[in-house]
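Here are my comments on the model you sent round. They are set out as numbered points, to be read beside the structure.

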Amino acid sequence: MPPAEPAESDIPDLRAAIRQRCRMDEAEAVRELLQAAACDAAMADRIQSRARRFIETARMQGRRRGGLDSFLHEYDLSSQEGVVMLCLAEALLRIPDTGTVDALIRDVLGRADWQRHLGQADSLLVNAATWTLLLTGRLLRPAEIAGLAPVLQRVLARSSEPVVREALRQGVRLLGRHFVLGETLDEALARAHELEGRGYRFSYDRLGEAALTAADAQRYCDGYAATLAALRGAADAGVSVKLSALHPRFEYAQRERLRRELVPRLRDLALQAKAADLALTVDAEEAERLEPTLDVFAAVFRDAALGDWEGFGLAVQAYQKRAPAVIDWL
């Protein structure tokens, strides 16, 4: 039987519960979660049966795993090398000057043990990528090159940091295309068209957060509005917005100012999304911004102009100890 919806008078108590869980003891939080997840023997059997089917299917499909899946399987984030790859993917395309890029490559690639991944995967892509990373790390650390075969030394002698830099840029772009639909909205829409015909649905997010000035915030706001206008009529599409991109002082100490300045801005975007029949989701951000996020979300959610529109949502960071109380409040 689903729990009863809280009365409006309960809302302050629910917000207080969120604050109380912020610094709660982790062992206590785990005990609560275990109690909430308790189930009878019949349900436990169904859960185990379904999980077993998932695992068996994944194992059967392992040998047919595509190149990218093989790569991510080999360089997962439990390894130092996987973390290095993530750091490169995050940073490489954002750095404008070649000197800093070369310094990043020299620093990051040189401190990972790429050699232990050689031959560990059946995928040609993975083994080729491992060789590339191994040679690159050694190319940029000449003192370690002595162990390579003479033929490889001759190859590396003809190479240079600009060659490595461009190779890595292209590799990161190749990986990125599997996770990001496009660098521009037009490119993303073009690539999405075919996938939508196969049943996929997309949420579009314009990169940009932590506006430092009012002009930054206005530019981001205009960008979100342009995205909503361009997506009008798209099938079941949604747009994610970051409140830190919409106001330069998105912080707890500025709650009253945010009510005056940020709430109307988010409300306008919500009305545009409603008119375009699109979903609008407020993105989760740093943990210290949860309280002002809830304040702004609630103020817009209750606005009479949005009526019974069901397209307005909030992303919840489920790993936070406050998450169960946030869900109760929502």
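1. The model is a predicted one, and its four strands make an open sheet. The strand order is E1-E2-E3-E4, with parallel pairing. Strand E1 (203-205) and strand E4 (312-314) are the edge strands; each has a single partner strand, so one side of each has no neighbour in the sheet. Direction ignored, neighbouring strands are turned by 30° against each other on average.

2. The pairing of E1 with strand E2 (residues 238-241) is parallel and runs over three bridges. One bridge can be named by residue: serine 203 has glycine 238 in E2 as its bridge partner.

3. On the packing against the sheet, helix H14 (290-301) lies across strand E3 (279-282) and E4. The angle between H14 and E4 is about 165°.

4. How many cavities of 30 Å³ or more does the structure hold? There is one, and its volume is about 130 Å³. Its lining comprises 15 residues, of which Ala284, Leu290, Ala315, Val316 and Gln317 are the closest to the centre. Two elements give two or more residues to this lining: helix H14 (290-301) and helix H15 (323-329). H14 is thus a part of the cavity lining as well as the helix that lies across E3 and E4.

5. The character of the lining deserves a separate remark. By class, seven of the lining residues are nonpolar, three are polar and five are charged.

6. Alanine 192 sits in helix H10 (residues 185-196). Is this alanine buried or exposed? Alanine 192 counts as buried because its relative accessibility is 0%, and the cut-off for buried is under 20%. Leaving out residues up to four places away in sequence, alanine 192 touches Leu181, Phe202 and Tyr204. Phenylalanine 202 is ten residues from alanine 192 along the chain, and the C-alpha atoms of the two are separated by 7.8 Å.

7. Some totals for the protein as a whole. The protein has 15 helices and four strands. It has 330 residues, and 36% of them count as buried. Of the contacts between residues at least 6 apart in sequence, 65% join residues at least 24 apart.

Definitions and conventions. Residues are numbered from 1 along each chain as its sequence is written. This is a predicted model: local features need pLDDT of at least 70, side-chain atom pairs count only at pLDDT 80 or more; totals for chains, interfaces and linings use all residues. Side-chain values use heavy atoms; hydrogens and water are left out. On a 1 Å grid over the protein atoms alone, a cavity is a set of points where a 1.4 Å probe fits but cannot get out, and a pocket is an open set with protein on both sides within 12 Å along at least five of seven lines; lining residues have an atom within 4 Å of a point. Grid points are joined across faces, edges and corners, and a volume is the space filled by probe spheres set on the points. Ala, Val, Leu, Ile, Met, Phe, Trp, Tyr, Cys and Pro count as nonpolar, Asp, Glu, Lys and Arg as charged, and the others, Gly among them, as polar. Two strands pair if DSSP finds at least two bridges between them. Axes are lines fitted to C-alpha atoms, for helices over the stretch in contact, and angles run from 0 to 180 degrees between N-to-C directions. Contact means heavy atoms within 4.5 Å. Buried means under 20% relative accessible area, exposed over 50%, partly exposed in between (1.4 Å probe, protein chains only).
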